[in-house]
Amino acid sequence: MPVRSMKLAGERFELTARDAAFPELLHTIPKPPARLYGVGDPAALKAGLAVVGARRATPYGRGAAKRFASMAAARGIVVVSGGARGCDAVAHEAALAEGAPTVAFLGGGCDQVYPAENAGLFQRIVDGGGAVVSERPWDFPPQPYTFRERNRLIAGMTRATLIVEAGLPSGTFSTADEALAAGREVWVVPGSITSENSRGANRLLYQGALPIVDDDAFADALFTTYGCLKEPVDGAERRDGGREGALRSREEEMLAALRAEPLGMEALRALAKEHGPAEGDNLTWLMVWLTRAQRDGLIAQYPDGRYGPRVCAAERRGR
């Protein structure tokens, strides 16, 4: 098992289960870790979405990991994975491309990174405001059993685990087991019934996991499970701290109002005047925001012309 002994550059932290900064979700899993060792920003250790898949990933699995990790990161959800080859690495890279923090849990200590070829990725995770974390001491060498135990931390740090591709048996399939043991949701991207890489994923669907069949299904799942979604913004805006805060505040106010009750254009224009940009045309800003929010599955226009949560729209059409 080739590992690289190195020290990632960045803030180093140790958290015990008694520390206030210790992730609350990890207190609730079977066999909670006694201590976490990490490099990066400990604030990134918050309820996220696990995106995991096959190490020997097919182009289909890699594409699904990139697609859905990007969508989640663009909405402000921390993408959590294991830093492994294949789908895990793609998920981390997708989050970084969105300018969003991501968290990698390692099987060994943070000074014994594995796989060695992903050392550069781990450094970019730290540099991007995320964290590389392990329950093992800094120089602990990765062992086969530590990866299975690591999987419970990936699943435990999240509200849901998305399986984008998994064989049977596999470490990815075991992460789904850990998610279920911790009382977390399991979402699965269906695969071909003739693909060995999708046997585990399709078996999970047969056992009752939530199928993620397209972008709309994923957006609905994010809305239902995470609630406070952020409208995606351009990467340049995301990295501009002052502008980002203002954008998020405006958009969150608009989304909160629409979640409370469907609104027509007159009410929306009043909201845009109150929460829109201080300078410029509020109506233009409103129309652009409505278009983007519908595109990203956050809201929908109802048959009567009002706008409201997309989930509610689906429910109304089902009545």
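Colleague: Over residues 230–248, where pLDDT stays under 50, how many contacts beyond four places in sequence does the model have?

Modeller: Bear in mind that this is a predicted model. Residues 230–248 keep a pLDDT under 50 throughout. Counting partners beyond four places in sequence, the model still gives that stretch a total of 32 contacts.

Colleague: And how many contacts beyond near neighbours does the stretch 312–319 have?

Modeller: Residues 312–319 also sit below 50 in pLDDT. Once near neighbours in sequence are set aside, the number of contacts in the model is six.

Colleague: What percentage of the residues score at least 70?

Modeller: For the protein chain, pLDDT averages 86. The share of residues that score at least 70 is 87%.

Colleague: Is Ser134 buried or exposed?

Modeller: Ser134 belongs to strand β8, which covers residues 131–134. Buried means under 20% relative accessible area. Ser134 has 0% relative accessibility, so it counts as buried.

Colleague: Which residue has its backbone nitrogen 2.9 Å from a polar atom of the Ser134 side chain?

Modeller: Let's go round Ser134. Leaving aside neighbours within four places in sequence, its contacts include Arg35, Leu36 and Tyr37, and also Gly108, Gly109 and Cys110. The backbone nitrogen at 2.9 Å from a polar atom of its side chain belongs to Arg136.

Colleague: Why is strand β9 largely enclosed by the rest of the structure?

Modeller: Strand β9 spans residues 158–165, eight residues in all. It is largely enclosed because the number of those residues that are buried is seven.

Colleague: Which residue in β9 stands opposite Val52?

Modeller: Strand β4, residues 48–53, runs parallel to β9, and six bridges join the two. Across that pairing, the β9 residue opposite Val52 is Ile163.

Colleague: What is the handedness of the crossover from β9 to β10?

Modeller: β9 and β10 (residues 185–188) run parallel and are joined by four bridges. Thr161, for instance, stands opposite Val186 in β10. From β9 the chain passes through helix α5, residues 171–181, before reaching β10, and this β-α-β crossover is right-handed.

Colleague: Which residues make up the covered face of strand β2?

Modeller: Strand β2 runs over residues 12–16. Its uncovered face holds Arg12, Glu14 and Thr16. The covered face is made up of Phe13 and Leu15.

Colleague: Which residue in β3 stands opposite Phe13?

Modeller: β2 and strand β3, residues 35–40, run antiparallel, with five bridges joining them. In β3, the residue opposite Phe13 is Gly38.

Definitions and conventions:
Residues numbered from 1 in each chain as written. Predicted model: local features only at pLDDT ≥ 70, side-chain atom pairs only at ≥ 80, totals over all residues. Heavy atoms only, no water. Buried < 20%, exposed > 50% of the residue type's maximum accessible area, 1.4 Å probe, protein only. Polar contact = N/O pair within 3.5 Å; in protein donor to acceptor, adjacent residues only side chain to side chain. Contact = heavy atoms within 4.5 Å. Pairing = 2+ DSSP bridges. Right-handed = clockwise from strand over helix to strand, strands pointing away. pLDDT = per-residue confidence, 0-100.
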